[in-house]
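Look at the sequence and the model below. The report starts with the cysteines, then moves to an enclosed helix, the nonpolar cores and a sheet.

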Amino acid sequence: MIEIDGHHLTISDVVAVARRKEPVSLSTAGKEAILRSRGWLEQILREDKPVYGINTGFGIFAEQRIKPEASDRLSRNLILSHAVATGTPFPDDIVRAAMLIRANTLARGHSGVRVEVVDTLLEMLNRDVVPVVPEQGSLGSSGDLALLSHLALVFTTDPEDRAEDSGWARFKGEILRGKDAMEAAGLKRLVLGAKEGLAINNGATFSAAIAALALYDTQNLLRTAEVALAMSLEAIMGCIEAFDVRIHAVRGHPGQEKVAEHICHLTAGSTLLGRAQRVQDAYSLRCAPQVQGMAWDTFDFVTQIIEREINAATDNPLLFEGGAVLSGGNFHGEPVGMAMDFLGVAMAEVAAISERRIFRLTDGKLNGGLPPMLVDFPDAAGLNSGLMMPQYTAASLVLENQTLAHPDSVHSLPTSGEQEDHNANATTAARHARQIVLNTAHVIAIELYTAARALDLRLRQYPDARLGQGTQEAYSLLRKYVPYQAGDAWWGPEIEKVRLLVEEGIFAQF
């Protein structure tokens, strides 16, 4: 059971709840913080002073006063009018991650919601009621308004309680009206009160959810990319001197040192390394620690940003001790958007250098005497295409990454009558970074698959050769699932098997 309190949620917690459906509850401290902030809100309502989002309109309508008796309708109208996202629905794990992060944000105790709001979100998670939320339509400022409104449609209502206004949700494998899904799960929908609509939909929560899951996957991929690098280095009989720890220590970048050390560990005991007697290798091998190491350093930086964000109070206004109500901009998704741009660039480079190694392994002029395209024997070339096309696929994904890695956070268009005149574009940045991570997983799978075949052919050339301890284990594991095939075959399903192994983290253990 994972407890939330608004302060200690981790990326691992997010993954556990979003993907493994770990049960989650509200801690005593979290409940006390929510009750405290609700008390502040009720005092404000009694004083009847104009406070943004509590008894005023939103955005451009911030100067319009709302009567106290209309506060419930104000919250409901906000959700209904803002649920205008479009596109393919998010995968369930992203929606579940967003639900958890939003609940944790409210548990921080500066939003003024009732405990029932957080409890309902957590019970939806525990009973696996997952709102259907389209991917597109958020600027990441003022938070993910449209996306969170689609989420809120499912568990909120009004006195009319119309099913057609309840959105959609997935429950027990079936997509139902939100009202029907909640009833089937035995959950009560809530009539929102003052400020609660704004507290639910104001914050870059989907951006943070995408980011948290992408970071978890990135950590696995960076480790796996080093296994692929080590296998390629041995297959091409490369120079291990470029990975000497002394080289990397004098530059001092932690990620670079980490990659070089891991490659030395994986290849320890290899008798293939250096056999070609080259003075030095091409950059895709020799400079891999510098490139892939920088991705590690970027990962570490971005992780700090996102772990802060998933424990942040991000709606507006925020309530504080003594009845202070402060309007600010914590909903603005710039920290997440910029961080996701950084991550996208880093992972696009990991995929790019991996593809260059795939190309080198398949080019008969560059691969150190292996058959062109890694056909079984040189005289089979022509009749067989070998691994020509997997390299095409890798190149295509790398080119797509290069477009997706163009930073999104530098783009902005004004909204809400120029009141919101600088927007973060954070959700698009997160979505693009996520796609880059998915593409990179496939490229790394192709490198593993290609390097394994190159090792088969190299060991045929040198039957007395021995692989490094780590590379031997990785090679043997891959061959357990995908045996060597001499002639052309349908490589696609075999590469897909390797990709699934990559995403499961099987190769990251070495």
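## Cysteines

Cys239 is buried, with a relative accessible area of 7%. The model is predicted. Burial means under 20% relative accessible area, so Cys239 falls within that class. Cys264 has a relative accessible area of 27%, which makes this residue partly exposed.

How many disulfides does the structure hold? The count is 0. Take Cys239, which is in no disulfide. Its nearest cysteine sulfur belongs to Cys287 and is 12 Å away. Cys264 is in no disulfide either. For Cys264, the nearest cysteine sulfur is that of Cys239, 13 Å away. A disulfide needs the two sulfur atoms within 2.5 Å, so neither of these pairs qualifies.

## An enclosed helix

Helix α1 spans residues 11–18. Of its 8 residues, 7 are buried, so the rest of the structure largely encloses this helix. Which residues of α1 are buried? They are Ile11, Asp13, Val14, Val15, Ala16, Val17 and Ala18.

Several elements cover them. Two strands are among the cover: β1 (2–4) and β2 (24–26). Helices take part too, including α4 (92–107), α5 (115–127), α9 and α13 (288–309).

## Nonpolar cores

In soluble globular proteins, nonpolar side chains tend to be buried together. Here, the largest nonpolar core has 146 residues. Seven names stand out for touching the most other members: Ile4, Val129, Phe206, Ile306, Met340, Leu448 and Phe507. Which helix gives the most to this core? Helix α9 (residues 205–235) does, with 19 residues. A second, separate core has 7 residues. Among them are Leu41, Val51, Ile54 and Leu319.

Now zoom in on Ile306. Set aside its neighbours within four places in sequence. Ile306 is then in contact with Ala208, Ala211, Ala212, Leu215, Val336 and Met340. Met340, like Ile306, is listed with the core members that touch the most others.

## A three-stranded sheet

One open sheet is built from 3 strands. Their order is β4-β7-β8, and the pairing is antiparallel. Which strands form the edges? They are β4 (130–131) and β8 (174–177), and each pairs on one side only.

Strand β7 covers residues 168–171. Between β4 and β7 there are 2 bridges. At this junction, Pro131 stands opposite Ala169 of β7.

Note on methods: Residues are numbered from 1 along each chain as its sequence is written. This is a predicted model: local features need pLDDT of at least 70, side-chain atom pairs count only at pLDDT 80 or more; totals for chains, interfaces and linings use all residues. Side-chain values use heavy atoms; hydrogens and water are left out. A nonpolar core is a set of buried Ala, Val, Leu, Ile, Met, Phe, Trp, Tyr and Cys residues joined through side-chain atoms within 4.5 Å. Buried means under 20% relative accessible area, exposed over 50%, partly exposed in between (1.4 Å probe, protein chains only). Helices (H or I, at least four residues) and strands (E, at least two) are DSSP runs, numbered from the N terminus. Contact means heavy atoms within 4.5 Å. Two strands pair if DSSP finds at least two bridges between them.
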